[in-house]
Every structure is written in structure tokens, then in C-alpha cells.
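Please open the model in your viewer, with the sequence panel beside it, and keep a selection tool at hand. The stops below take one part of the fold at a time.

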Amino acid sequence: MSLPQRVLVISDLHLGLGDKMCIFSAGAALARFVEWCAALPGRVELVILGDGLDYLQIDPALAFDADIAVAKTQWIIEKNAEVFATLAAFHGTPGKSLVWSVGNHDIELLFPAVRATIEQHLGGGITWRLDERPRDYELPGGAVVRLIHGNGPDPFNWVDYANAQAVADGAGDLAKVYPHGSHMVEKIFNPLKAAGYRYVDMLKPEERVALPLTLALWPKEAKSLLKDGSPAFRAGMRESIVRKLSALFGRKADVFGPEGVARSEVLSGDELALADVVRGALAGGVSDDELLDWLDDPQGLAEVPVAGEAVFGAGRKVAAALLREVARINATADPFDPFGPDDLADKSVHLHEEKIVLLVAGHTHLARVHEREGGWYINSGTWADLMRLPPNLSSTMLEQDLVHALEHLRTPDTAPAWLRPFRRLTFVDIAFPGGDQWAAKLCQWPDTDAVTIATLP
Ligand SMILES: [Mn+2]
């Protein structure tokens, strides 16, 4: 493959239908960005690095069926006509080409009819990446710039693309197509969003901040969803699940290995539904038995008297433990801190073994830049809406502020300014000027002519 002169990477657009389940609202800005890409000189690739379209936001969320997937694709294209018009113009411009990678919210791209639907609008000749293999750009001296969506080392969202492709081709195991994270979207996140808890997939990471926060503040609603999402929980097997998870969370995380992406031990869907409760509670020093008591009769912070530490019951202990863990993880997940911690960067320690000078991933929705031994890591962030809790929020502040801001969290558009949804439209700009040279930038696209920091009243 001869190298393009410029590669622009965007990921995690999560294009949807613009309804209350949709977290993408940057259509006009994305169209301007694509026009800007089309006007760049020379050979330019625009890479959509996974989760470009979000099939999980559209009911039925989990339907790995060609006809349904094509219908969802057509609806998304209709609702995002301006974006698709500019993508078509870009792709039709000489020297400009589109590369489109699969992620974990869009495995429906594995159906040829879905890709044909997209190509009807954009023209043929799109370079599709439809499995866990990365998009590699190899420099003459052997160094590699690697692009990958990044769900591989995420045990909840790891996808068996070979099996999914087999199912799309009429074989394979349909029951194993969607990763556990997708079942969680269907059983827990989508119902929470439909019930008005819109923040659940704007606050990142959703499994380790948004969901434990919901459990701490509104445990009865969240618990009933956990039960819906977890037949084994309903069947009274919660004790064995809690103890197994309790053991599992002592293990060390997987890494991007030299042979590619290592595979984590995967939890069953039932276990997953409880995983975050257990992880949060364990981090707070709650015992398995206390946790089981709480699961039988959950209490939220708002329901327990706050007059002094002495009245802490087991319910309050679990809720407080969940909030402490929320505060701890939240401090590592600030969308405004490009040099903040990054889970995927930490799992890319083997870059030098494959001569990878730059690894670009998405998936986490948190734009990041990290130096690693022998190379660099950039996370391209997201074009979807985000929310943010202040990173220095102590768990005490969380209790005081958030318990008073309960309804604000549920109606973020009119919440205090610090809690309102925002967009941070980031992309990666890579140049290959010739020979072994390369250069890369993490950039933010203007949302409007001026970058708005806060909107009042
Ligand atoms: Mn993803």
C-alpha cells in the first residue's frame, strides 16, 4: 500500500435518529469538517474508526438481521442527510478516499447489504475494515502507524468478529454475536435512557461511573433493570454470581499483545449485569455478605438519613462505597484532560515489539495523548455528546452536591452549567510527508465559529 499524504481519523460518531436515545448532535459541525477534509490538497484518507453508526440506539437494539440492519442504516442516513452528502462529495473527489472500520456498536456493517446501502449514498470503493485487524500504515523503514477501534482489550465489548461474520453469511452462533456490553446497552442503558436517565451514556466510562452512580442514587430502579437483565439474578443465583465476580476482579488486565489483541476472560451476560455493582462495592471495602443484603433491599443515599456517620446502615455503606468508586474512576476520565489516564494506553505497552510508532484508537470517548516505550498513543475521542463530573469531586462532595442535584442529573439540559452536556469534536491529523517521516496531531474541530465553553441561562 502506498502511503497517503494525509490521514484524518474520527471515531465514535454514534450517528443515530436524533431522538431521545441519540447522543449525536454534531451533524452540522461534522459536515463542515468533512468539507474541510475534501478541500485539503493531495491524497487524503478520511478514516471512520468504528462506532460511526450506532445500531444499538435503535429499537430493536439487538437484531443481527440483514433486513432490520438495512432499515436502520437507511433511517440513520435519512436523519443525517447533510453528513452523508458531504461524505459522498469527499469520497467522489479525486485523491480523496474513505476508510471505514467496524466498532462494537455497528457490527451490522458485516452484512454486505448494509455496506451496499451506505455505498449507494457514498459511492463504491470504500475501504472497509470489518474485523479486529488494525489499519496499518507501514513506513519504508518498517515502522508502523496503526489505527484500531480499541474494543479488543475491553472484556465487556470484545467482539468475535469471525463468528459474527459467519452468522451474517448464514452460519455461526447467533447467540454469541453481540458482546456483553451490547446486552447491557439493551437491558440496562437503553431502558435507563428511555426512563429519563439520559446521562448514562454521556458520562464516561458508562459501566464504571454512570451505572454505579445510578445504582447509588436510584438503586431500586437500577436494581429492577439488573434483575430484568439478569435471569440468573432473578432465579436467586445472585450469591454465586457475586462470589465469582468478587474473585474475578482481583485479576490483572489484558494488554494489546505482540500477536495483536489479547482476549480477556469474558463474563456471561448475567454476571456482567452485576459486575459493576460488585467492582464498586469491593473497592469500598464492602463484604460479599453486605453486598448481598443490599441487593435484597437496596437503599439509595437519598433514602437514608444523613445526620451523622453513626446511622450508616449496610445500605448506606454500599451506596457510599459505590460513590467513592465513582469519584475515583471519574477523576481518571476527564474529557478535558488530553494527558489524563487512559485504559487503552495502559494496555498498549508492547508497541515497540511491533515497531508501532503511533497507535490511534477510539472507543473510550476520551481524547488522549500518551508517550509509550517506543511509540505514542492517541485516542481520537468522540463526536457524540458528553457529560462530565468535576474530576476533583470528592465522594463527600458527590453525596452533598449530587443528592441535591438528583433531578438535574436527570434533566441535564437545564442542570447547573458544570453538569450540562457538551461536545468535544476531536480528530487525529496524520501526515506522511515522505520517506520515514510522519507527524500527528490531536485536534479539536470548532463546534461553531467560536468554541462555546458554557451556555446560560
Ligand atoms: Mn466502541
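In what order do the six strands of the open sheet lie? In this predicted model, the order is S4-S3-S2-S1-S12-S13, and the pairing is mixed. To find the edges, select residues 127-129, which form strand S4, and residues 437-444, which form strand S13; each of these two strands pairs on one side only. From one strand to the next, the twist averages 20°.

Within this sheet, select residues 44-49 and 96-101 together, that is, strands S2 and S3, which pair in the parallel sense over six bridges. If you show side chains here, you can look for Val-47, which stands opposite Val-99 in S3.

**A second set of strands**

Next, select strand S5, residues 135-138, and display its side chains, which alternate along the strand. Arg-135 and Tyr-137 point to one face and are buried, whereas Asp-136 and Glu-138 point to the other face and are not buried. Add strand S6, residues 144-148, which runs antiparallel to S5 and is joined to it by four bridges; Tyr-137, already on display, stands opposite Val-145 in S6. The two strands form a hairpin with five residues between them, and in the turn Gly-142 has a positive phi of about 100°.

From S6, extend the selection to strand S9, which runs parallel to S6 and is joined to it by five bridges. Ile-148 has Ala-361 in S9 as its bridge partner. Strand S9 covers residues 356-361, and six of its six residues are buried, so this strand is largely enclosed by the rest of the structure. Strand S11, residues 375-379, then pairs with S9 in the parallel sense over four bridges, and there the bridge partner of Ala-361 is Asn-379.

**Two helices to set side by side**

Now select helix H2, residues 66-79, whose 14 residues reach 20 Å from the first C-alpha to the last, close to the 20 Å expected at 1.5 Å a residue. Colour its buried residues, which are Ala-69, Lys-72, Thr-73, Ile-76 and Ile-77. When H2 is seen down its axis, these buried residues fall within an arc of 135°, so they line one face of the helix. Asp-67 and Glu-78, on the other side of H2, are exposed. To see what the buried residues pack against, add helix H3, residues 81-91, and helix H4, residues 112-122.

Move on to helix H6, residues 180-194. Its 15 residues should span 21 Å at 1.5 Å a residue, and its end C-alpha atoms are 20 Å apart, which agrees. Centre the view on Glu-186, where H6 has a kink of about 40°. Is H6 largely enclosed by the rest of the structure or not, and why? Of its 15 residues, 12 are buried, so H6 is indeed largely enclosed; among the buried ones are His-180, His-183, Phe-189 and Lys-193. Just after H6, look at Gly-196, which takes a positive phi of about 105°.

**Stepping back**

Finally, clear the selections and view the whole protein, which has 16 helices and 13 strands. Buried residues make up 48% of its 457 residues. Of the contacts with a separation of 6 or more, 73% are accounted for by residues 24 or more positions apart.

Technical notes: Residues are numbered from 1 along each chain as its sequence is written. This is a predicted model: local features need pLDDT of at least 70, side-chain atom pairs count only at pLDDT 80 or more; totals for chains, interfaces and linings use all residues. Two strands pair if DSSP finds at least two bridges between them. Axes are lines fitted to C-alpha atoms, for helices over the stretch in contact, and angles run from 0 to 180 degrees between N-to-C directions. The expected span of a helix is 1.5 Å times one less than its number of residues. The bend at a residue is the angle between axes fitted to the seven residues ending there and the seven starting there. A residue is buried if 20 or more other C-beta atoms lie within 10 Å of its own, exposed if 12 or fewer, and partly exposed in between; C-beta atoms are placed from the backbone. The arc is that of the directions from the helix axis to the C-beta atoms. Two residues are in contact if their C-beta atoms, placed from the backbone, lie within 7 Å.
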